[in-house]
Amino acid sequence: MTVAALPEPPPRAFVLTGAFWVVCRNPRYLRELSARGLKVLLITPESYRESAQRCMKDADHPASLIDDVAFVDGSLDQEGSFVPGFIARARAWRRQYTIVGAYAVGETLVEPTGLLGDALGLPGPGLRATRACRSKYLQRWYLDEFSPASLVIPPGEREETALGDLPYPVVAKPATRHSSSGVAHVADAAELRDLLAEYPEYETVLVEQKVQGQEYSVESLVQDGQVIFASVTRKETTESHARTFVELSHSVPNARTEENGALLTANEQLLRRLGFGDGIAHAEWRVAADGRPYLMEIAARTPGDGLLALYQLATGQPLEPEIVRIALGEPASYPAPRRWARQVYLDHEPGTLEDVTVDWPGIEPVWVGEGGMWPEIAPGGPDAPPTLRAVLVLKPKGARLAPLASSDDRAVTFLIDAPTPGELDALEHRVRAAVQLTTGTAGGHGV
């Protein structure tokens with residue numbers, strides 16, 4: 001009697017989501033998953049089709065580790081626009097693979113990734129967290145006790161909304177954008193009325209009281225609803241000299257430890273309020289003069305800029321393997337910082353980017369271009385001397401440099417670390433003097 005062979009089980013797979021260049025800039029996710037024998041699946045916006053298909057064919061590119069990719073249409077400034085295409089692609093994969101985990105590497109597809117995890121019973125932040133973390137006004141709805149006074153202005157209601165009673169100065173924020181796009185300081189009702197007219201008609205705008213005080217972020221690893229690691233990062237922005245809020249530096253950990261307790265307590269309460277289950281959270285806060293932390297916004301994904309690299313410099317260990325373990329339901333942990341690390345973005349004169357030079361032994365600027373690959377930045381030992389790790393040029397030569405209105409306008413950044421906060425400050429001052437950014441049209445500019 002012939003016994004029919006049992007069908008082969010579908011291959012086990014893990015879904016990464018987000019902008020293609022963000023996923024590739026964090027290649028440890030790809031390497032971790034591939035080393036486990038998992039099929040690596042990527043869902044990314046349609047705009048990355050050409051570059052993704054080209055890079056996946058290059059054996060030397062991290063994208064070559066991606067086994068399958070799906071492209072979806074949508075726009076970040078239109079709520080829910082990515083969801084239909086995302087679900088269509090995910091349903092097809094559900095029949096082809098046994099999906100054992102999913103993770104949103106960048107902001108673009110956080111909400112539909114939450115839907116995927118909820119449907120398949122995978123570890124993840126949860127529906128409430130992934131939905132609220134993609135909407136500034138929903139964060140005010142769920143997290144009112146942590147929030148400044150605010151007003152939600154839906155599309156079509158800008159003309160009739162009363163603006164005179166707001167607690168000026170205020171900050172206007174398009175509800176679903178990221179990278180500080182469209183966020184602006186507003187002094188009075190007349191200025192706010194003019195600014196509202198500049199936003200697309202379909203956008204919801206959140207207007208909130210401007211909180212005066214130092215800005216921080218808190219990065220948290222959460223597993224089974226419990227915070228297993230949390231650390232405070234100090235931030236500086238363009239707010240000191242402009243009406244915008246583009247981030248100019250991140251310092252890990254925060255040297256002003258007197259404010260850490262209130263921040264970490266409020267952050268843990270916030271995560272419980274969101275029902276945050278599993279993953280990494282990046283919450284941005286301001287501490288007012290009375291010591292009260294106010295939530296600016298929270299994201300349910302990897303922190304942006306160079307924060308992953310900073311945490312590796314500060315602790316000696318990468319975060320990505322622990323994030324993968326959490327997404328797979330495996331026990332995870334992460335050490336406390338042992339050094340002080342900082343990323344600095346340099347301002348520039350508007351014009352054409354002609355050159356960047358660095359007067360520093362053993363360091364040359366790395367031209368990564370827009371959306372390019374960052375080099376591996378290895379950490380030093382706990383007692384290593386103050387060190388300049390890298391100078392990165394984020395725009396291609398000849399690019400037009402505009403004033404810093406959003407994170408995408410930044411052109412040059414460097415990463416440093418040191419055994420003490422004082423040595424870190426002194427090193428930053430020296431590196432600033434050593435980096436020369438030259439622009440055409442507007443002339444040279446040393447930073």
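I began at Glu236, which is partly exposed, with a relative accessible area of 33%. The model I am working from is predicted. The value for Glu236 falls between the limits of 20% and 50%, so the residue is classed as neither buried nor exposed.

**Entry: the salt bridges around β10**

I looked up the partner of Glu236 and found Arg234, the two side chains meeting in a salt bridge at 3.1 Å, N to O. Next I noted that salt bridges with shared partners join Glu215, Lys235, Glu247, Glu284 and Arg286 into one network.

Within that network I examined the contact between Glu215 and Lys235, where the side chains form a salt bridge with an N to O distance of 3.1 Å. Glu215 belongs to strand β9 (residues 214-223) and Lys235 to strand β10; the pair links distant parts of the chain, 20 residues apart. I then asked whether each partner is buried or exposed. Glu215 has a relative accessibility of 10% and therefore counts as buried. Lys235 is buried as well, its relative accessible area being 1%.

In total, I recorded 25 salt bridges in the structure.

**Entry: Arg134 and Glu107**

I turned to another salt bridge, that of Arg134 with Glu107, in which the closest N and O atoms are 3.0 Å apart. I located Arg134 in the loop between α6 (127-132) and α7, and Glu107 in the loop between β4 (98-104) and α5 (110-120); the pair links distant parts of the chain, 27 residues apart. I checked the accessibility of Arg134 and Glu107 and found both buried.

**Entry: aromatic pairs**

I counted 4 aromatic pairs, taking ring centres within 6.5 Å as the limit. One of them is Phe146 with Trp285, an edge-to-face pair with 6.2 Å from centre to centre and 90 degrees between the planes. Why does this pair tie together parts 139 residues apart in sequence? I found Phe146 in the loop between α7 (136-142) and β5 (150-153), whereas Trp285 lies in strand β12 (residues 279-287), so the pair spans that separation. Phe146 and Trp285 are both buried.

I then looked at Phe229 and Tyr311, which also form an edge-to-face pair, with centres 6.2 Å apart and planes at 85 degrees. Because Phe229 lies in strand β10 (residues 226-237) and Tyr311 in helix α10 (residues 307-315), the pair ties together parts that are 82 residues apart in sequence. Phe229 is buried, as is Tyr311. I followed the ring pairs further and found that they link Phe229, Tyr311 and Tyr334 into a cluster.

**Entry: charges over rings**

I looked for charged side chains placed over aromatic rings. The charged end of Arg410 sits over the ring of Tyr345, at 3.6 Å from its centre. Lys397 lies over the face of Trp367, and I noted a distance of 5.0 Å from the ring centre.

**Entry: helix α11**

How many residues of helix α11 (residues 320-327) are buried? I found 7 of the 8 to be buried, so the helix is largely enclosed by the rest of the structure. I listed the buried residues of α11 as Glu320, Pro321, Glu322, Ile323, Val324, Ile326 and Ala327. I also inspected the chain just after α11, where Gly329 takes a positive phi of about 75 degrees.

How values were computed:
Residues numbered from 1 in each chain as written. Predicted model: local features only at pLDDT ≥ 70, side-chain atom pairs only at ≥ 80, totals over all residues. Heavy atoms only, no water. Phe/Tyr/Trp six-rings, centres within 6.5 Å; stacked < 30°, edge-to-face > 60°. Helix = DSSP H or I, 4+ residues; strand = E, 2+ residues; numbered from the N terminus. Buried < 20%, exposed > 50% of the residue type's maximum accessible area, 1.4 Å probe, protein only. Lys NZ or Arg CZ within 6 Å of the ring centre and 35° of its normal. Salt bridge = Lys/Arg side-chain N within 4 Å of Asp/Glu carboxyl O.
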